[in-house]
Amino acid sequence: MAEKNTQAAVTSEKDRIPFFEKVIFASGDMAFNLIWMPLAIFANPYFTDICKLPAAWVGSIFLAVRSLDLVTDVGMGIIGDRTKPHKTYGKFRLYIVWGAVPLAVAGAAMFYAPEFTLVGKAVYLGIVYLMLSLLYTVTNVPYSAQMTIMSGDHNERTRLSAIRMVGAQTGVLIVSMLMLAIVDILGDGNPKAGYFYTMSLFGLVVATCLTLTAKYSKDRVQPKAVDGATTKKNLIEMAKCIPWWMLLVVGLFTTFALTIRFGTIVYYIKYYLNREALEGWGGVDGVTSIFFTSGTVCALAGSALYGMISKKFDKKLVYIVCILACALTSISFSFIPPDGVGMLVAIQIVFSLLMGPTGAIMFATYTDVAAYLKHRKGNDTEGLAMSVGSLCNKSGWSIGPTLTLILLGLINYTPDVEQSQEILDALVAMMSWGPAVACFIAFLGIAFYPLTRNRMDLIQKELKARGQA
């Protein structure tokens with residue numbers, strides 16, 4: 001009770017974010033997932049089974065582009081920190097509103113699939129994927145950094161992060177529940193056209209939501225633009241910031257735990273599960289939709305539940321409990337028999353419910369690192385500190401499925417034929433042991449993370465006393 005009263009005292013009216021504003025801000029993350037989740041869930045089978053590109057080619061293209069993220073994401077963080085606040089859109093929202101429409105167009109272009117030769121298709125994919133990745137960086141890094149200046153109170157930022165994750169999971173739910181149906185309707189039997197029209201439709205929603213986010217989010221903390229000399233010092237401080245590196249490890253491997261399975265699941269359902277068992281659940285498309293929809297609903301529930309309990313429990317403790325439970329749950333995927341469709345869905349429900357709070361905790365924790373760096377040196381590094389969020393999200397959601405493609409290419413995967421036992425065993429391992437190992441590495445990273453709730457309360461108090469929060 002005492003802890004609750006203390007938190008109420010430090011959260012001033014100036015730092016409170018109205019619920020409507022939190023919802024509008026969360027719609028921005030829903031928009032990002034309408035771009036990124038189709039890539040995470042459907043890009044692998046789309047490019048290998050529909051466009052007929054070799055799996056190793058697609059995986060190599062994705063991996064080459066992803067290798068640039070450490071430079072581009074951190075670079076965008078620096079650009080954001082050095083930006084002079086705009087009179088209407090502030091320091092970070094300016095990039096969100098500028099990038100909204102180009103990002104939507106690039107998302108649709110990813111699924112355009114021109115009738116080129118194999119080499120031509122690969123070149124087109126590489127160019128468009130690079131453009132999409134850069135535009136995602138230009139908008140998503142400032143979007144994440146915006147969280148740090150919407151409130152000076154770390155508990156309020158945690159609650160904002162929880163609602164943000166509800167928005168993010170809503171985007172995942174739309175993609176998992178509706179995308180295949182929309183593709184079928186708009187494509188009228190032509191999946192290539194269906195995917196392009198669907199992503200074009202999603203693009204309209206993306207541009208609208210990001211524009212509204214930029215318009216209605218408010219800056220309650222007023223950061224200053226930093227100069228070149230300060231940027232150099234900030235980079236040095238960031239390189240020496242152990243909590244930042246810890247979060248990089250935690251964020252990447254938490255995301256890997258999801259995306260390794262997401263990049264595998266369509267192949268797993270199509271080739272590992274028994275066809276007779278699939279028919280009772282609506283076939284491959286039906287089971288795929290049920291898998292993602294049930295998981296997303298439970299992840300939403302987990303995010304919402306964390307929002308309700310975030311005042312009572314240290315987010316580090318909640319994260320440790322959830323990620324260890326996720327590791328154990330993930331191992332159970334290895335025991336699913338070929339006719340175990342119901343078992344697959346049941347385990348996915350449990351895993352997703354446990355994984356739900358981790359996203360909200362991660363983004364709230366990134367904002368703590370920004371406050372920690374400000375407390376240590378007095379400099380505004382919101383963009384640079386929050387670049388880890390976009391880096392983990394974008395790289396994790398891409399590298400996980402990419403590793404799936406590269407592995408399938410190495411073991412000679414061929415679409416639309418009966419697969420060898422070697423490939424089936426690999427699919428099972430990527431559904432179970434791969435994510436379990438990723439969860440355990442994430443646990444090791446967070447176990448030693450030093451910015452607990454009590455320490456952040458002290459940092460926040462001192463920042464307020466200095467007039468920096």
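Buried residues make up 62% of the 469 residues in this protein. Please keep in mind throughout that we are looking at a predicted model. The surface that remains accessible comes to about 17,900 Å², and carbon and sulfur atoms supply 69% of that area.

Let me turn to the overall form. The secondary structure consists of 18 helices and zero strands. Along its principal axes, the C-alpha trace spans about 65 × 45 × 40 Å. How does the radius of gyration compare with that of a compact globule? For 469 residues, a compact globule would have a value near 23 Å, and the protein has 22 Å, so the two agree. The contacts add to this description. Among contacts with a separation of 6 or more, 85% are between residues 24 or more positions apart.

As an example of a single buried position, consider Thr-293. This residue lies in helix H12, which covers residues 283-309. Its relative accessibility is 13%, and Thr-293 therefore counts as buried, the limit being under 20%. Leaving aside residues up to four places away in sequence, Thr-293 touches Leu-173, Ser-176 and Met-177.

I now come to the charged side chains. In general, side chains of opposite charge can pair when their charged atoms come close. A search of the whole structure finds eleven salt bridges. One of them joins Glu-156 and Lys-22, with the closest N and O atoms 3.2 Å apart. This pair links distant parts of the chain: Glu-156 belongs to helix H7, residues 154-187, while Lys-22 belongs to helix H2, residues 19-50, and 134 residues separate the two. Are these two partners buried or exposed? Glu-156 counts as buried at 3% relative accessibility, and Lys-22 counts as buried at 8%.

Glu-156 also has a partner in its own helix. Its side chain meets that of Arg-159 in a salt bridge, at 2.8 Å from N to O. Both residues lie in helix H7, three residues apart, which is about one turn of the helix. Glu-156 and Arg-159 are both buried. Elsewhere, salt bridges that share partners join Asp-49, Lys-52, Lys-270 and Asp-416 into one network.

A further salt bridge is formed by the side chains of Glu-115 and Lys-192, at 3.1 Å from N to O. Glu-115 lies in the loop between H5 and H6, and Lys-192 lies in helix H8, so this pair ties together parts that are 77 residues apart in sequence. Here the two partners have contrasting surroundings. Glu-115 is exposed, with a relative accessible area of 62%, whereas Lys-192 counts as buried at 18%.

We now move to the aromatic residues. The structure holds 27 aromatic pairs. In one of them, Tyr-112 and Phe-196 are arranged edge-to-face, with 5.3 Å from centre to centre and 70° between the planes. What does this pair tie together? Tyr-112 is in the loop between helix H5 (93-109) and H6, and Phe-196 is in helix H8 (residues 191-216), so the pair ties together parts that are 84 residues apart in sequence. Both rings belong to partly exposed residues: Tyr-112 has a relative accessible area of 44%, and Phe-196 has a relative accessibility of 25%. You may recall the same loop and helix from the salt bridge between Glu-115 and Lys-192.

There is also one aromatic cluster that you can locate in the structure. Among its members are Phe-25, Phe-32, Trp-36, Phe-42, Tyr-46 and Phe-47. The cluster further includes Phe-62, Phe-111, Tyr-129, Tyr-136, Tyr-143 and Tyr-195.

Finally, let us examine the surface. Which residues form a nonpolar patch there? The patch consists of Trp-57, Leu-118, Val-119, Val-123, Ile-127, Met-131 and Leu-134, which together have about 620 Å² of accessible area. Helix H6, residues 118-150, gives the most to this patch, with six residues. Ile-127 is placed in helix H6. With a relative accessible area of 52%, Ile-127 is exposed, because the limit for that class is over 50%.

To close, I return to two points. The protein is built with 18 helices and zero strands. Its salt bridges include the pair of Glu-156 and Lys-22, which links distant parts of the chain.

Definitions and conventions:
Residues numbered from 1 in each chain as written. Predicted model: local features only at pLDDT ≥ 70, side-chain atom pairs only at ≥ 80, totals over all residues. Heavy atoms only, no water. Patch = residues over 30% accessible without salt bridge, like charges linked within 9 Å, V, L, I, M, F, W, Y side chains within 5 Å. Areas by Shrake-Rupley, 256 points an atom, 1.4 Å probe, with all protein chains shown as cover. Salt bridge = Lys/Arg side-chain N within 4 Å of Asp/Glu carboxyl O. Helix = DSSP H or I, 4+ residues; strand = E, 2+ residues; numbered from the N terminus. Buried < 20%, exposed > 50% of the residue type's maximum accessible area, 1.4 Å probe, protein only. Rg over C-alpha atoms; globule rule 2.2 N^0.38 Å. Contact = heavy atoms within 4.5 Å. Phe/Tyr/Trp six-rings, centres within 6.5 Å; stacked < 30°, edge-to-face > 60°.
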